[in-house]
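Good morning, everyone. Today I would like to walk slowly through one part of a protein model, and I ask you to keep the picture in view while I speak.

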Amino acid sequence: MNVYVQELRFLRKSTLIWNLSLFLSLVLMLLIYPPMMEEGEAFLKVLQSYPPEFLAAFSINFDTFMSFNGFLGYIQLYLLLALCVLAMNLGLSALGKEISGKTADFILTKPITRRRFLTEKILSALTILTLTNLFLGFTTVLMNFLLVKEDRNLKVLLLIYIGGFLIQILFLSFGLFLGILRKRVRFITSLSLSIVFIFYIVSMLSQILKKDFLNYLTPFRYFDFNQIILDSGYEMTYLLLSVVLILFFTALSYLLIQKKEIHG
């Protein structure tokens with residue numbers, strides 16, 4: 001049995017729906033950019049009328065917002081919420097789906113080790129996330145060439161997408177860990193939504209309260225899109241922290257699945 005191929009076949013329909021939904025959302029939001037630039041001064045005056053705390057909560061920075069990458073960074077934050085829910089779903093369902101469906105015991109009695117089973121589940125999830133991000137990335141580059149005639153900065157655009165991808169992998173590894181840790185995972189999408197939005201609320205609070213320690217508690221602050229645009233790079237502390245957490249939760253998942261009692 002090839003778990004990797006079976007998983008991709010099982011998830012192909014839902015993956016197509018996710019990609020189509022994200023594609024339409026991305027294109028429709030980017031189409032707002034040209035008329036916004038035409039009314040740039042008036043639009044900025046409207047934004048300046050809002051309280052600074054409101055602007056901070058939604059990561060609106062006047063130094064970057066009116067550029068294509070700045071606007072992309074703003075809307076990417078909301079696309080990233082959906083992508084992180086997808087990543088959490090994939091992580092939670094990797095083993096939780098088999099346990100809830102009472103098929104885990106049957107699968108693991110086949111000539112396949114638990115480590116290989118988990119590895120193929122992880123690879124299938126990474127394949128889905130990679131293809132989704134590549135699809136959205138190519139769409140963004142195409143829209144960039146269609147909507148922006150000059151001052152293109154594809155390096156920053158790439159950094160934005162790589163940063164978002166690392167956040168998704170972190171949620172995937174965390175979801176994987178929780179899915180194996182819990183005896184039974186029910187209402188996977190509801191749980192994913194709850195976890196992702198809790199971290200997002202913490203991110204908003206860190207911006208409003210200006211408390212740096214809160215940044216370490218939410219992955220959404222590890223790759224600040226405004227900072228990426230201004231510095232054309234990442235903050236190494238948060239980059240290393242994200243890699244360490246990904247490795248930590250993945251390693252724990254491998255340890256737990258070896259010891260976990262799984263019943264059909």
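I will talk about a helix, then about some aromatic rings, and at the end about the nonpolar cores.

Please keep in mind throughout that what you see is a predicted model.

Let me begin with Ser192, which has its place in helix H9, the helix that runs over residues 188–209. Is Ser192 buried or exposed? Its relative accessible area is 0%, and because buried means under 20%, Ser192 counts as buried. If we leave aside the neighbours within four places in sequence, Ser192 is in contact with Val85, Met88, Asn89 and Leu92.

Now to the aromatic rings. A pair of such rings is described by the distance of the centres and the angle of the planes. In this model the count comes to 17 aromatic pairs. One of them is formed by Phe174 and Phe199, with 6.2 Å from centre to centre and 80 degrees between the planes, and this pair is edge-to-face. Phe174 lies in helix H8, residues 154–181, while Phe199 lies in helix H9, so the pair ties together parts that are 25 residues apart in sequence. Phe174 and Phe199 are both buried.

Another pair is that of Tyr200 and Phe220, whose ring centres are 5.9 Å apart and whose planes stand at 85 degrees; why is it called edge-to-face? The reason is the angle, because planes over 60 degrees apart count as edge-to-face. Tyr200 belongs to helix H9, whereas Phe220 sits in the loop between helix H10 (212–215) and helix H11 (225–231), and this pair links distant parts of the chain, 20 residues apart. Tyr200 is buried, at a relative accessible area of 6%, and Phe220, at 3%, counts as buried too.

These two pairs can be placed in a wider group, for Phe171, Phe174, Phe177, Phe199, Tyr200, Phe220, Phe248 and Phe249 form one aromatic cluster.

That brings me to the nonpolar cores. The largest one has 66 residues, and those with the most contacts inside it are Phe171 and Phe220. Helix H5, residues 68–100, gives the largest share of this core, namely 16 residues. What does Phe220 touch, not counting residues up to four places away in sequence? Among its contacts are Leu77, Leu80, Leu81 and Cys84, and they also include Ile167, Phe171, Val196 and Ser203. Apart from the largest core lies another core, of 11 residues, among them Val3, Leu95, Phe117 and Tyr254.

Notes:
Residues numbered from 1 in each chain as written. Predicted model: local features only at pLDDT ≥ 70, side-chain atom pairs only at ≥ 80, totals over all residues. Heavy atoms only, no water. Helix = DSSP H or I, 4+ residues; strand = E, 2+ residues; numbered from the N terminus. Buried < 20%, exposed > 50% of the residue type's maximum accessible area, 1.4 Å probe, protein only. Contact = heavy atoms within 4.5 Å. Phe/Tyr/Trp six-rings, centres within 6.5 Å; stacked < 30°, edge-to-face > 60°. Core = buried A, V, L, I, M, F, W, Y, C linked by side-chain atoms within 4.5 Å.
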